[in-house]
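Could you walk me through this model in my viewer, stop by stop? I'd like to know what to select next and what is there.

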Amino acid sequence: MVAVYHNPIIPGFSPDASICLVNGTFYLVNSSFHLYPGLPIYMSTDLISWKHIGNAINRPSQLSLSRATTFVGLLDDGTELVATGGLYAPTIRHHNGITYIICTNVIHGASNVLGDERSEQFLIHTTDIRSGCWSDPIVFEFPGIDPSLLFDDDGRVYVQLCKVGPEFEIYNSEIDITSGAMIAEPTLIWTGMAGTTFYVLKGETFEYHMLSMARSRNIWGPYESYEMNPLYTASGTAQYVQNTGHGDLFQDQDGQWWVVMIGVRKKKGRSIMGRETFLTSVDWPCNGWPTIKPITCDGNLEANFKPEGQDPLAASWVYLRDARLDRYHMQDNRITLKSDLVEMTSADESTTFVGQRQRRLEGTATVTVYKPQHSTSVRAGLGLYKDEHRFLIIEYDFHSQQVVFNGINQAKSFSQREIENVELQDLVSFKIDYTETSLQFSFRVDEAAWHDLATLDTALLTDHDFTGPVIGIFAIGDGIAVEFRDFEVDAVQSHEAKA
């Protein structure tokens, strides 16, 4: 296969990609952290066109994301780490007619500080990946993150996992794939750079992200490290795509090797889209070490994932943590939200918010909000959300009759609030215009002209973090229903807006 692919292949909030090939079709899964539904699934037959077909965690009964909170703490170099809990680094594999995903649910403790968390590994499976019918999770104890699955020719199943501490170390264990029961205890097989050949791929984080490799003829080791490690990194380069790592190697229908990995598009210190999925080809000679072609970003920024229908569980729609889905009603271009008193700053509860991942570097998001008929003690609007510490919203307070912009990033000690008194008869519209370097929040009342309320630099939302931007609508109040119409994300900006 000679694929003329466009990077990033999955734009926007799409970290930690893993791929498997099933009957001529590639299936890709990403981390989703605090978003529900979780573990988005994409499919492609040619590595060029990708379609979001569903989410593997798509029933509230499968697991809870209530403790998918976000820690803010200092790294060794003094920069802030913004670490969100929830669903980390899934791996997707297909074996004997069954597709499996192994993943980590990182559960943060009540103190909400770095170090107070635990990891639950779980397995889910399906016999028909396109149906969206995934099993309930099989949970098993195995501390760490970034699990991977290996099905050996003799029927044994192994889990490789990274234990996080002062060092990142790779452990191996044998499990019963049907129950998750541990057959062999976790054993350290590789500490990294410090018949069958087994290859272990390893990465780091953020600007030092890299891929390193070791190999052994026994799954339990000893492992020989590649003397030219790291196998791949953008660290120390001036490349546009930075922080590359966390790769998954796979073969296409013709036996050609490829790798998907994390990367961020970085411009003058800004990487507003967060961690995205990039693809590149690999030359892997028999009994040799692979060579990874440098990742390029070809400027094709037109990728756009539209919702497939207005069902609240359609693939593109996302909610926060354990959403109360009975508060959302969608029909045609109308969305009605039943407001809740939970604020955007809530660390563990789910505010009434629904949105979609931002997929374009440059675009426009808009929505029109209609005045409730029977009560006015509610606030409703449009927002760009990353987590409870970092969001930018523009809303109408129907009680005070004010349009309010509110932006915070606790990791940068940033807070900005703009207020304008506005009376309206029936409706108010909100708009966010975004580019790689700027964000502009505007409103208009009853079809009047647009009025700019706040303009910000995207650097304000660029951090050492795990998540990416989600643009959505929200309603905060005591059970009052609010109607929204014509919600759209990633519309192409008009020349007037760009000017």
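Here is a tour in six stops, with something to select at each one. Keep in mind that you are looking at a predicted model.

**Stop 1: a buried strand**

Start by selecting strand E33, residues 427–434. Eight of its eight residues are buried, so the strand is largely enclosed by the rest of the structure. Now show the side chains. Leu 427, Ser 429, Lys 431 and Asp 433 point one way from E33, while Val 428, Phe 430, Ile 432 and Tyr 434 point the other way. Both sets are buried, charged residues such as Lys 431 and Asp 433 included.

Next, add the strands that pair with E33. Strand E28, residues 363–370, runs antiparallel to E33 and is joined to it by eight bridges. To see one of the partnerships, pick Thr 364, whose bridge partner in E33 is Asp 433. E34 also runs antiparallel to E33, here with seven bridges. Click Asp 433 again: its bridge partner in E34 is Gln 440. If you trace the chain from E33 to E34, you pass through a hairpin with three residues in the connection.

**Stop 2: on to the next hairpin**

Stay with E34 (residues 438–445) and add strand E35 (residues 451–457); the two pair in the antiparallel sense over six bridges. Select Ser 438 and look across to E35, where Asp 457 stands opposite. Then go to the turn: five residues lie between these strands, and Asp 446 takes a positive phi near 50°.

**Stop 3: a four-strand sheet**

Clear the selection and bring up E12, E13, E14 and E15. They form an open sheet in the order E12-E13-E14-E15, with antiparallel pairing. Which strands are at the edges? They are E12 (145–151) and E15 (182–190), each of which pairs on one side only. Direction ignored, neighbouring strands of this sheet are turned by 25° against each other on average.

For a closer look at the pairing, keep E13 (residues 157–164) and E14 (residues 168–175) on screen. Eight bridges link them in the antiparallel sense. One residue to click is Gln 160, whose bridge partner in E14 is Asn 172.

**Stop 4: the nonpolar cores**

How many residues does the largest nonpolar core have? The count is 68, and the residues with the most contacts inside this core are Leu 39, Ile 101, Val 369, Leu 382, Phe 430, Ile 473 and Phe 484. You already met Phe 430 in E33.

Apart from that core lies another, of 22 residues, including Ala 83, Ile 145, Ile 408 and Ile 476.

Now centre on Ile 101 and show its neighbours. Leaving out residues up to four places away in sequence, Ile 101 touches Val 29, Leu 39, Ile 41, Ala 56, Pro 90, Thr 91, Ile 92, Phe 122, Leu 123, Ile 124 and Trp 134.

**Stop 5: aromatic rings**

The structure holds 15 aromatic pairs. For one of them, select Phe 33 and Tyr 88: their ring centres are 4.8 Å apart and their planes are at 65°, so this pair is edge-to-face. The two residues are 55 apart in the chain, with Phe 33 in the loop between strand E2 (25–29) and strand E3 (35–36), and Tyr 88 in strand E8 (residues 86–95). Are these residues buried or exposed? Phe 33 is buried, with a relative accessible area of 1%, and Tyr 88 is buried too, at 10%. Add Phe 13 and Phe 466 to the selection, and you have one aromatic cluster made up of Phe 13, Phe 33, Tyr 88 and Phe 466.

**Stop 6: cysteines, and a last look near the start of the chain**

Looking for disulfides? The count comes to zero. Select Cys 20, which is in no disulfide: the nearest cysteine sulfur, in Cys 103, is 15 Å away. Cys 20 is buried, at 6% relative accessibility. Cys 133, in contrast, counts as exposed at 55%. The closest cysteine sulfur to that of Cys 133 is in Cys 20, and at 17 Å it is too far away for a bond.

Finish with Asn 7, in the segment before strand E1 (18–22). Is Asn 7 buried or exposed? Its relative accessibility is 2%, so Asn 7 counts as buried. Select Ile 48 as well: this residue is 41 residues from Asn 7 along the chain, and their C-alpha atoms are separated by 9.3 Å.

Definitions and conventions. Residues numbered from 1 in each chain as written. Predicted model: local features only at pLDDT ≥ 70, side-chain atom pairs only at ≥ 80, totals over all residues. Heavy atoms only, no water. Pairing = 2+ DSSP bridges. Axes fitted to C-alpha atoms, helices over the stretch in contact; angles between N-to-C directions. Core = buried A, V, L, I, M, F, W, Y, C linked by side-chain atoms within 4.5 Å. Buried < 20%, exposed > 50% of the residue type's maximum accessible area, 1.4 Å probe, protein only. Contact = heavy atoms within 4.5 Å. Disulfide = S-S within 2.5 Å. Phe/Tyr/Trp six-rings, centres within 6.5 Å; stacked < 30°, edge-to-face > 60°.
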